[in-house]
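Subject: Model handed over, with notes on what was found

Dear colleague,

Please find below the structure I promised to pass on to you. My notes on it follow directly after, and I would be glad if you read them with the coordinates open beside you.

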Amino acid sequence: MQNEERGSPAMSATLEPVKSLSPLVGAGRWKARAAAGAAVLLALIFLVSGLWKISDLDATSERMVQSLIPVGLSLPAAFAVSVCEIYAAGLLRIPRHRRWGAWLAAIMLIAFMIYLAVLYDRLLGEDCNCFPWLHRVVGPAFFAGDAAMLVLAAAFHVHLRGNARMRSGVQQV
């Protein structure tokens, strides 16, 4: 009771670190919004691509063969890629699972870029058939576009990593 009457030094000592962190939380608000925007954009890209592929697996399988995937693997690959893209989009839309969505999106983009880089001389000038209504030709600009999507995933992941550090610091105080 005496602490309450005197201004509660114990209480002010426990609130002091929280007050000092409040400018950090406000300063990071734009970063949180930018990261959420990047997650929504990346989720939209992967969702549209995955739904387009799974809606017509035969045509997707044919496009896989044109991308030099063996005929026997083209249908399972078409199904697996479309399901992974839809799943990554779903993870990116759920805030507590966005880090996993960013990792899955990054892994798929890197694998796709490596595959096209290995077969670059044979696929140069071909349409990648990744997205509906968008014709992307395999070439230097194609890799720049995929690198931009990879930067979106990486930026979002870095923001989440920093947020986890800040949250753990607040909990330890």
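Pro140 lies in helix H8, which covers residues 140–172, and in this predicted model the residue is exposed, with a relative accessible area of 63%. Its C-alpha atom is separated by 9.3 Å from that of Leu124, although Pro140 and Leu124 are 16 residues apart along the chain.

A second pair in this part of the chain involves Glu126, which is found in the loop between helix H7 (120–123) and H8. The C-alpha atoms of Glu126 and Val138 are separated by 5.6 Å, with their positions 12 residues apart along the chain. If neighbours within four places in sequence are left aside, Glu126 is in contact with Arg136, Val137 and Val138. Glu126 has a relative accessible area of 43%, which makes it partly exposed.

Ala117, which is found in helix H6, likewise counts as partly exposed, at 44% relative accessibility. Between the C-alpha atoms of Ala117 and Gly139, which are 22 residues apart along the chain, the separation is 9.5 Å.

As for the chain as a whole, the protein has eight helices and zero strands, so that, because helices are what the assignment finds throughout, the pattern read along the sequence is α-α-α-α-α-α-α-α. Buried residues make up 31% of the 173 residues in the protein chain. Among the contacts between residues at least 6 apart in sequence, 61% join residues that are at least 24 apart.

Turning to the packing of the helices, it may help to recall that two packed helices are described by the angle between their axes and the distance between the axes. For helix H5 (residues 71–93) and helix H6 (residues 98–118), the axes come within 7 Å and cross at roughly 150 degrees, and the crossing is left-handed. On the side of H5 the contact is made by Cys84, Glu85, Tyr87, Ala88, Leu91, Leu92 and Arg93, and on the side of H6 by Arg98, Trp100, Gly101, Ala102, Leu104, Ala105 and Met108. Divided by class, the residues of this contact are 10 nonpolar, one polar and three charged.

H6 also packs against H3, at an angle of about 50 degrees and with the two axes 11 Å apart, and H3 and H6 are therefore oblique to each other. H3 passes H6 in a left-handed crossing, in which Ala36, Ala39, Leu42 and Phe46 of H3 meet Arg98, Ala105, Met108 and Leu109 of H6. The residues of the contact of H3 with H6 divide into seven nonpolar, no polar and one charged.

What, then, is the angle at which the axes of H3 and H4 cross? Helix H3 (residues 29–55) and helix H4 (residues 57–66) have axes that come within 5 Å and cross at roughly 105 degrees, which makes H3 roughly perpendicular to H4. The residues that meet are Trp52, Lys53, Ile54 and Ser55 in H3 and Leu57, Thr60 and Arg63 in H4. By class, this contact of H3 with H4 has three nonpolar, two polar and two charged residues.

H3 itself can be checked against the length expected of a helix, since at 1.5 Å a residue its 27 residues should span 39 Å, and its end C-alpha atoms are 38 Å apart, which agrees. The buried residues of H3 are Ala35, Ala38, Ala39, Leu42, Ala43, Phe46, Ser49, Gly50 and Lys53. Of these, Ala39, Leu42 and Phe46 also take part in the contact with H6, while Lys53 is one of the residues that meet H4.

One backbone detail remains, and it concerns Leu68, which is found in the loop between H4 and H5. Most residues other than glycine have a negative phi. Leu68, although it is not a glycine, has a positive phi of about 70 degrees. With a relative accessible area of 30%, Leu68 is partly exposed.

With best regards

Key. Residues numbered from 1 in each chain as written. Predicted model: local features only at pLDDT ≥ 70, side-chain atom pairs only at ≥ 80, totals over all residues. Heavy atoms only, no water. Axes fitted to C-alpha atoms, helices over the stretch in contact; angles between N-to-C directions. Helix = DSSP H or I, 4+ residues; strand = E, 2+ residues; numbered from the N terminus. Parallel < 35°, antiparallel > 145°, perpendicular 65-115°, else oblique. Contact = heavy atoms within 4.5 Å. Nonpolar A, V, L, I, M, F, W, Y, C, P; charged D, E, K, R; others polar. Expected span 1.5 Å × (residues − 1). Buried < 20%, exposed > 50% of the residue type's maximum accessible area, 1.4 Å probe, protein only. Left-handed = near helix turned anticlockwise from the far one by under 90°.
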